[in-house]
Amino acid sequence: TPTPGTEGRIVNAPASLVAVLSLPVALWWGGTDSASGPSSDLRLYEFDCGRIEIDSPEAAGFGVKDDATDVRELFVPCYLIEHPGGRLLWDGGLPSAFAEVDGWQENEGWRFRLDRTLADQLADIGLTFDSLNLAAFSHMHFDHVGVANEIASATTLLIQRPEYDAAFGEEEVPGFDPSLYDRLQDRDWVFLEGDHDVFGDGRVRILSLPGHTPGHQALFVDLTKEGPVVLSGDLYHFRVSRKERIVPVWNTDGEATLSSMDRLEAFVQETGATLWIEHDLARYLESVPEAGYHD
């Protein structure tokens, strides 16, 4: 059961109904291009929410041999999906506190940096955390939920039930900092049990892909001009991880990870979607659109 004080709901209604039930009261239908409401078109904003630098992917536990890739710097993204039915934050990057220190910060052989907070970057497009309706994190690791507490007052969180149980259970989950979640415990939750059509029209869909963590998930976004894309979460960290089906040593379930890889690859082939490996810095630098958003 949910932690006392939460208003969790298990999603088991038709997708079109769930989309309405899962959104807060302050919902805008049909849109504008201003901060007063979501865009009338489907847009995807991509924000630089940090960088991670490693000396050795093998020593860091990614399961990738050092000579299999020359990548040593990983991108940490946050995404905002604007849909006529509302705004969804996907992944929350590194904790904002990292931006209080200039440059790289060392932590047990890993280096992290955050040059600008997500709040600052949202302000560039006239938005605040209160402008968000929904939030969903690919998984609970600290580099994906860094702003979780900051958005707690304004958003409804979509989370796989096994992920919630792991996050608030007694067993420690590697890479998870419970303090980043503590303001969410008395907020509204929507517990997912599998895939979920966020707005009820099939254009923004959460895909259940457990293994990296118990409730790991990815996001499908059907863009009008650029075509459908899938945001991978951490199912893959490097391009070679995808090519060779490599499972990091600290995944919670290796067999489930491989099954999720199979499922995602079949989904990508079926839909014709482009897979964005979220930590792929080269992909991000190559695809930043002039308009400031993908559509």
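How many cavities of 30 Å³ or more does a search of the whole structure find? The search finds one. The structure is a predicted model, and the account below moves from this enclosed space to the open pocket, then to the disulfide, two individual loop residues and a sheet.

The general principle behind the search is simple: rolling a probe the size of a water molecule over the atoms shows where empty space is left. The largest cavity holds about 30 Å³ of space. Phe137, His139, Met140, Leu157, Leu158, Ile159, Glu163, Tyr181 and Gln217 form its lining. Strand 8 makes the greatest contribution to the lining of this cavity, supplying three residues. By character, the lining of the largest cavity consists of six nonpolar residues, two polar residues and one charged residue.

The open space is described in a similar way. In the largest pocket there is about 500 Å³ of space. Its lining comprises 19 residues, and those nearest the centre of the pocket are Trp110, Phe112, Phe142, Pro174 and Gly175. Ten residues of the pocket lining are nonpolar, six are polar and three are charged.

Attention now turns to covalent links between cysteines. The model contains one disulfide. It joins Cys49 to Cys78, with the two sulfur atoms 2.2 Å apart; this pair qualifies because the cut-off for a disulfide is a sulfur separation within 2.5 Å. The link connects distant parts of the chain, since Cys49 belongs to strand 2 (residues 43-54) and Cys78 to strand 3 (residues 73-83), 29 residues apart. The torsion about the S-S bond is -130°, and the link between Cys49 and Cys78 is left-handed. Are the two cysteines, Cys49 and Cys78, buried or exposed? Cys49 has a relative accessible area of 2% and is therefore buried. Cys78 is likewise buried, because its relative accessible area is 0%.

Two loop residues offer a contrast in accessibility. His144 is situated in the loop between strand 7 (134-136) and strand 8 (156-160). Its relative accessibility is 1%, so His144 counts as buried. The side chain of His144 also makes a polar contact, at 2.9 Å, with the side chain of Asp91.

The second loop residue, Gly109, lies between strand 5 (105-107) and strand 6 (110-113). Why does Gly109 count as partly exposed? Its relative accessible area is 37%, and the partly exposed class covers the range between the 20% limit for buried residues and the 50% limit for exposed ones. Gly109 can also be placed relative to Glu53: the two residues are 56 residues apart along the chain, and their C-alpha atoms are separated by 9.1 Å.

The final element is an open sheet. Five strands make up this sheet, in the order 10-11-12-13-14, and their pairing is mixed. Strand 10 (196-197) and strand 14 (274-276) are the edge strands, each pairing on one side only. Which strand pairs with strand 10 in the antiparallel sense? The partner is strand 11 (residues 204-208), and the two strands are joined over two bridges. At the level of residues, His196 has Ile206 in strand 11 as its bridge partner.

Terms used: Residues numbered from 1 in each chain as written. Predicted model: local features only at pLDDT ≥ 70, side-chain atom pairs only at ≥ 80, totals over all residues. Heavy atoms only, no water. Helix = DSSP H or I, 4+ residues; strand = E, 2+ residues; numbered from the N terminus. Buried < 20%, exposed > 50% of the residue type's maximum accessible area, 1.4 Å probe, protein only. 1 Å grid on protein atoms, 1.4 Å probe; cavity = no way out; pocket = protein on both sides within 12 Å on 5 of 7 lines; lining within 4 Å. Points joined across faces, edges and corners; volume = space filled by probe spheres on them. Nonpolar A, V, L, I, M, F, W, Y, C, P; charged D, E, K, R; others polar. Pairing = 2+ DSSP bridges. Polar contact = N/O pair within 3.5 Å; in protein donor to acceptor, adjacent residues only side chain to side chain.
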